[in-house]
Amino acid sequence: MGDFVLILNSSDEELRNFVVQRFVDNALNVKLCAHPDKHETTALILSAPQNVISKEAEAWGFLKRDETGFKREYVSSEHERFQIPYTLQGEKKCLFTPSEISYITFELIKRVAIHVVPDYFPRSKAGVHSTDSMLLALERAEISECWPLHSAPEDRLAASSVGPWKRSFLDHIEQYFGVNVALYFAWLKNYIVWLLVPAILGLIVYGYHSLHPEINVDNSLVSPIYTLIIIIWGVLFVKGWDRDCAALVCDWGIDAVKWRREVRPRYHGTKRISPITGLPERHFPSEQRIFRYLGSSLVTLLMLILAFSVMVISLNLQGYIHSFSYSKNYLLYPSIAWLCDEGQYFDPSGKGPMPQILLYIPVILHAVIIQVLNKIYQVVAINLTHWENHRSPARHENALFIKRFFFEAFDCYIALFYLAFVEADIVLLRKELLNLFIVDCARRLATESLIPFIARKASRKISKKQTDCVIDMRLGEDYDKAEYEQFDDYLEMVIQIGYITLFAGAFPLAAPLSLVCNVLELYSDIFKLSRITRRPVVHRIVDIGVWSLLVKGIVLLSVFTNLYIFCFTSEQLMTYVPSLFEVTPLSAEAASKAGSDHIHNIAAGAGTTVTTIMISLEHIILILVAAIWILVPGISSSVQNELARRQYVKFIEAHGEAVNSGGISAMNFEADPLERTIH
């Protein structure tokens, strides 16, 4: 249930025996088996005995349901008083779930120290100390790889067999794959459910525009109302997720996990005595890291310039930048833009050769190049973040996530921002959004499930022909699988939320299209998790971390982007107050390039009035957003009561005799949810 495999890429028998003995000395079970492909490589199957699991669960303060039906901290001496909720492989009962056993086992593996460093132990640039973790030292020397093995198929496939729309689905995911995976699926399901309202409203707006051909997103009276609803929806979605997330982690008992400092395998620095533990540790001055931040920023800036250049070429190929554009003097490249002239290959009016095919070539090329740039920057960002030398895995991951998110968000949004705020052409903006949705949805389904599934099937056939020496069948099944990566799954959804909220007034179909894509994404992710990737390492987290902050930032930014589109980019404000604007017809040639046959400009002397309207609306909407944020609690009353009850139980267990004798009062015992700390 909680077995890990440690691949030792060394033929040194002394090293293998030393590693095995250190794990055995620390009460871990070790089983040797052959590597599927490399006979000189050793595979160690590591597991923890039941009595060790019980003691560690008590030390970590795991919450389990007792005979009264309530959850409290597990006590190994009172094991029989706790309910046995989990059924393993159909018959065997177990108090601890596979994810809890996997978490404890991995913590035990990481805890095993080298103790005495033999001469034959591999050295890395960071050196080796006796207090170093065995696993981290081997990973630092780049001769080992460790991951959790899948258990019985009925446990691995339990969630997919239940179906994603039942409440037990998330429980199955949490019990087997861990809370870090379960929270992603909970967030995705929550997002899908919340999308129902804007999807229905988006279809209504689209239907209204279809019934009135003279009305479009540029001059619609209903688009601003839809935009305001989307902004409020975004705030309610964020608050709703905060409440649901708090309820889930409370129900799963994650709030009792104790805090510990963890060091990355590749962290290096000078040796010093830790001010916390009094033991030797590595230390890297924060002052040096600041200069490395500057270096990372410079490299990222160069990559962003490259991405911007690709965007300019793409917009020239799609005919968005032309001789009538505002940016014609510095972004128009006639050597490329001629391909979009009337009758040419990429003529946007469809008068060129094979328009059903060639019109989409620039869009597809842009999407492919974006993916290539993202893959290149992914490697660059990983190396830059390693170079920054963060001590803890959490800080390292956050630094990496922020780099990749802002680069990939820049890639995805820069063309849209250009059309919305430079060209000020909402019709072309809507067209670009539609193209991005279609291409991106097809890419996600192909690259995340279909292609990996076919590639894995092919590699397994080759593997079967090459070797039949696998002892542990689970290792043979898992070895050729890719690691489970959550970053891209979260990134796609957060970018998509930006499409829906940042440009709500331009593309009301974003919500219904997202709803359809996300339902397919949900089933695709379940399939990928249960059949294509390795079992992920369990992390007992209490929220989705930086992703929640990014969504909040996008929702807040949407107030300003939509107001600008309402007042300046589109004719929506002009529809309400026509006296503030004047209309200038375009020539036939200019109209064929732009999204409309005319442009609107602020009337002479009306600039201050339009700006005042925008600022006033911005203040009103921000006050409304702040009111919702303050009035809607982030934690429901039932969760607050359960957290208070758990603290009360701990209080009674610690001071029961004093309370009974009247020495300590337990009246009015209550936990303030705003002051609680979840680790």
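# Exercises on a predicted protein model

The protein chain contains 24 helices and 12 strands, and the model in which they appear is a predicted one.

## Exercise 1. The chain as a whole

Task: State what share of the residues of the protein chain count as buried, and what share of the accessible surface belongs to carbon and sulfur atoms.

Solution. Begin with the residues: the protein chain has 679 of them, and 50% count as buried. Then turn to the accessible surface, which comes to about 31800 Å², with 62% of that area belonging to carbon and sulfur atoms. Finally consider the contacts between residues at least 6 apart in sequence, of which 71% join residues at least 24 apart.

## Exercise 2. Salt bridges between and within helices

Task: Determine which elements hold the partners of the salt bridge between arginine 111 and glutamate 56, and whether each partner is buried or partly exposed.

Solution. The count of salt bridges in the model comes to 17. In the pair considered here, the side chains of arginine 111 and glutamate 56 meet with an N to O distance of 2.8 Å. Arginine 111 belongs to helix 3 (residues 98-111) and glutamate 56 to helix 2 (residues 50-60), so that distant parts of the chain, 55 residues apart, are linked by the pair. As for cover, arginine 111 is partly exposed because its relative accessibility is 43%, whereas glutamate 56 counts as buried because its value of 13% falls under the 20% cut-off.

Task: Identify the salt-bridge partners of lysine 528 and say where they lie.

Solution. One partner is aspartate 489, whose closest approach to lysine 528 is 3.1 Å between N and O atoms. Because aspartate 489 lies in helix 18 (residues 487-502) and lysine 528 in helix 19 (residues 510-532), this pair ties together parts that are 39 residues apart in sequence. Another partner is aspartate 525, with an N to O distance of 3.7 Å from lysine 528; these two residues both lie in helix 19, three residues apart, about one turn of the helix. Aspartate 489 and lysine 528 are both buried, and aspartate 525 is buried as well.

Elsewhere, a network of salt bridges links Asp66, Glu67, Arg72, Glu78 and Arg81.

## Exercise 3. Around the end of helix 14

Task: Describe the backbone and the cover of asparagine 389, and then the surroundings of histidine 386.

Solution. Asparagine 389 is placed in the loop between helix 14 and helix 15 (393-421), and it has a positive phi of about 60 degrees although it is not a glycine. Its relative accessibility is 0%, and therefore asparagine 389 counts as buried. Histidine 386 lies in helix 14 and is also buried, because its relative accessible area of 19% is under 20%. Leaving aside neighbours within four places in sequence, histidine 386 is in contact with Arg264, Arg266 and His396.

Task: Locate glutamate 262 and list the residues that it touches beyond its sequence neighbours.

Solution. Glutamate 262 sits in the loop between helix 9 (223-251) and strand 9 (270-273), where a relative accessibility of 29% makes it partly exposed. Not counting residues up to four places away in sequence, glutamate 262 touches Lys110, Arg391, Ser392 and Pro393. For the last of these, proline 393, the separation from glutamate 262 is 131 residues in sequence but 7.0 Å in space, C-alpha to C-alpha.

## Exercise 4. A surface patch and a helix span

Task: Name the residues that make the nonpolar surface patch, and place isoleucine 376 in its helix.

Solution. The patch covers about 440 Å² and is made by Tyr360, Ile364, Val368, Val372 and Ile376. Isoleucine 376 lies in helix 14 (residues 361-388), and its relative accessible area of 42% makes it partly exposed.

Task: Compare the span of helix 10 with the span expected at 1.5 Å a residue.

Solution. Helix 10 (residues 286-317) has 32 residues, and from its first C-alpha to its last it reaches 46 Å, close to the expected 46 Å. Just after helix 10, glycine 319 takes a positive phi of about 80 degrees.

## Exercise 5. Cysteines

Task: State how many disulfides the structure holds, and whether cysteine 33 and cysteine 146 are buried or exposed.

Solution. The structure holds zero disulfides. Cysteine 33 is buried at a relative accessible area of 6%, and cysteine 146 counts as buried at 15%.

Conventions
Residues numbered from 1 in each chain as written. Predicted model: local features only at pLDDT ≥ 70, side-chain atom pairs only at ≥ 80, totals over all residues. Heavy atoms only, no water. Helix = DSSP H or I, 4+ residues; strand = E, 2+ residues; numbered from the N terminus. Buried < 20%, exposed > 50% of the residue type's maximum accessible area, 1.4 Å probe, protein only. Contact = heavy atoms within 4.5 Å. Areas by Shrake-Rupley, 256 points an atom, 1.4 Å probe, with all protein chains shown as cover. Disulfide = S-S within 2.5 Å. Patch = residues over 30% accessible without salt bridge, like charges linked within 9 Å, V, L, I, M, F, W, Y side chains within 5 Å. Salt bridge = Lys/Arg side-chain N within 4 Å of Asp/Glu carboxyl O. Expected span 1.5 Å × (residues − 1).
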